[in-house]
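Here is a short note on the structure, set out as numbered points. Please read it with the model open.

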Amino acid sequence: MVPGEAGTLRLPPQTAKFKHIFSFNGTDGKEPDASLIVAGGLLYGTTYNGGASDNGTVFNITTSGTQIVLHSFKGGKDGALPLASLLDVGGTFYGTTPNGGGSGDEGVVYDVAASGAETVVHRFAGDPDGANPYAPLIEVGGTLYGTTAGGGSNSDGIVYTLDTSGSESVLYTFGATSKDGSTPMAGLINVSGTLYGTTAFGGAKCGSSGCGTVFKISTSGKEKVIYSFMGGKDGSMPASALVDIRGKLYGATLRGGTSNLGTIFSVTTSGKERIVHSFQGGKSDGSSPQGVANVKGTLYGTTSAGGVHNLGTIFALTTSGTQTLLYSFPGGENGSTPRAGLRELRGTLYGTTALGGANEAGTVFSIKP
């Protein structure tokens with residue numbers, strides 16, 4: 001069946017406490033597209049562009065806005081243009097770049113110490129290895145797991161494992177069947193020892209290219225598609241990570257819904273799906289949701305467009321479907337076009353905008369609902 005809309009839209013005055021923290025200037029990074037992480041009371045993140053070689057950066061920043069560039073990517077063998085957030089493993093930060101690496105420009109896994117020393121841990125090689133990792137890593141039992149959007153023997157992407165010494169293995173290759181997923185762009189989550197993720201395309205619905213899937217995979221490599229998106233009101237192109245709330249998974253689709261502007265959905269681990277909210281755009285709602293974060297059972301997220309100025313929004317959403325528009329980005333110093341999710345620290349949410357700011361190079365902001 002095609003699930004219907006749930007819940008209501010609530011539009012109170014925008015009284016959430018929004019604060020501009022930092023404007024990038026290009027030399028210290030430009031266009032932050034990944035969610036921040038919290039480590040040791042600091043925020044850590046990446047920028048897609050900027051830095052010494054204009055190939056992106058890794059940085060940290062205090063909640064009051066003091067920023068340090070830890071590493072500027074050089075391109076080539078060093079990797080380039082990071083789109084993924086970082087993973088903290090005992091004070092060393094692991095990440096991916098979809099570009100750079102070997103001669104095929106197929107991306108890397110890297111680590112960065114808190115001091116800024118960077119090492120390329122693995123360079124992807126395409127076929128049968130993966131290519132172009134857009135997604136962050138997770139750690140399960142001392143092993144790192146991730147996805148690549150391309151590469152593999154079917155050119156539909158892979159799930160891979162990696163140890164911190166750089167030994168990489170392909171755990172699963174997408175495109176094994178006509179109904180399998182394709183092009184995983186989001187990271188994995190661990191639910192009781194089983195990994196769950198999404199693919200932006202593929203699945204059993206929506207013709208040959210598919211509208212995307214939710215899948216599960218064991219740490220031994222046994223994969224199963226648990227839901228195939230249908231497009232239309234049901235959503236399509238899930239490209240952000242899932243979150244687990246009491247055994248039910250929540251996520252976002254960039255397209256589909258009643259206005260084809262994206263959805264927030266829930267799905268059980270057995271594959272029963274429901275649309276929680278369909279975005280409507282315009283001044284009263286966002287469009288193109290960039291994922292959700294779970295804060296005490298409420299979902300918080302951003303959209304890259306829509307809102308009062310059509311420059312993106314911050315929203316809160318209950319699991320029953322009641323949505324509150326918390327903030328509409330106005331451009332200028334306060335930023336525009338957030339392409340990353342939110343991160344909570346001591347009751348305050350932190351995020352980035354890809355554009356806007358004092359130098360039109362993106363911002364870091366906070367909001368306290």
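1. A term first. Strands here are DSSP runs (E) of at least two residues, numbered from the N terminus. The model is a predicted one.

2. Start with the largest pocket. Its volume is about 1200 Å³. The lining counts 44 residues, and those closest to the pocket centre are Ser35, Ser85, Pro136, Ser240 and Ala241.

3. Which strands each supply at least two residues of that lining? They are strand 3 (37-39), strand 7 (87-89), strand 18 (189-191), strand 25 (248-255), strand 28 (286-295) and strand 32 (343-345). Strand 28 gives the most, with 7 residues.

4. Now the chemistry of the pocket lining. Nonpolar residues number 28, polar residues 11 and charged residues 5.

5. Next, a sheet that includes one of the pocket strands, strand 32. Its order is 2-34-33-32: 4 strands, open, with antiparallel pairing. Strand 2 (17-23) and strand 32 are the edges. Each has a single partner strand, so one side of each lacks a neighbour in the sheet. From one strand to the next, the twist averages 30°.

6. Look closer at strand 2. With strand 34 (residues 363-368), strand 2 pairs in the antiparallel sense over 6 bridges. Within this region, Phe18 stands opposite Ile367 of strand 34.

7. A further open sheet has 4 strands in the order 12-13-15-16, again with antiparallel pairing. Strand 12 (138-140) and strand 16 (168-173) are the edge strands, and each pairs on one side only. The twist here averages 30° from one strand to the next.

8. Which residue of strand 16 stands opposite Tyr160? The residue is Val170. Strand 15 (residues 158-162) and strand 16 pair over 5 bridges, in the antiparallel sense.

9. Last, the cysteines. A search of the whole structure finds 1 disulfide. The disulfide is formed by Cys206 and Cys211, with sulfur atoms 2.0 Å apart. The link is left-handed, with -95° about the S-S bond.

10. Are the two cysteines of this link buried or exposed? Buried means under 20% relative accessible area, exposed means over 50%, and partly exposed lies in between. Cys206 has 32% relative accessibility, so Cys206 counts as partly exposed. Cys211 has 12%, so Cys211 counts as buried.

Key:
Residues are numbered from 1 along each chain as its sequence is written. This is a predicted model: local features need pLDDT of at least 70, side-chain atom pairs count only at pLDDT 80 or more; totals for chains, interfaces and linings use all residues. Side-chain values use heavy atoms; hydrogens and water are left out. A disulfide is a pair of cysteine sulfur atoms within 2.5 Å. Buried means under 20% relative accessible area, exposed over 50%, partly exposed in between (1.4 Å probe, protein chains only). On a 1 Å grid over the protein atoms alone, a cavity is a set of points where a 1.4 Å probe fits but cannot get out, and a pocket is an open set with protein on both sides within 12 Å along at least five of seven lines; lining residues have an atom within 4 Å of a point. Grid points are joined across faces, edges and corners, and a volume is the space filled by probe spheres set on the points. Ala, Val, Leu, Ile, Met, Phe, Trp, Tyr, Cys and Pro count as nonpolar, Asp, Glu, Lys and Arg as charged, and the others, Gly among them, as polar. Two strands pair if DSSP finds at least two bridges between them. Axes are lines fitted to C-alpha atoms, for helices over the stretch in contact, and angles run from 0 to 180 degrees between N-to-C directions.
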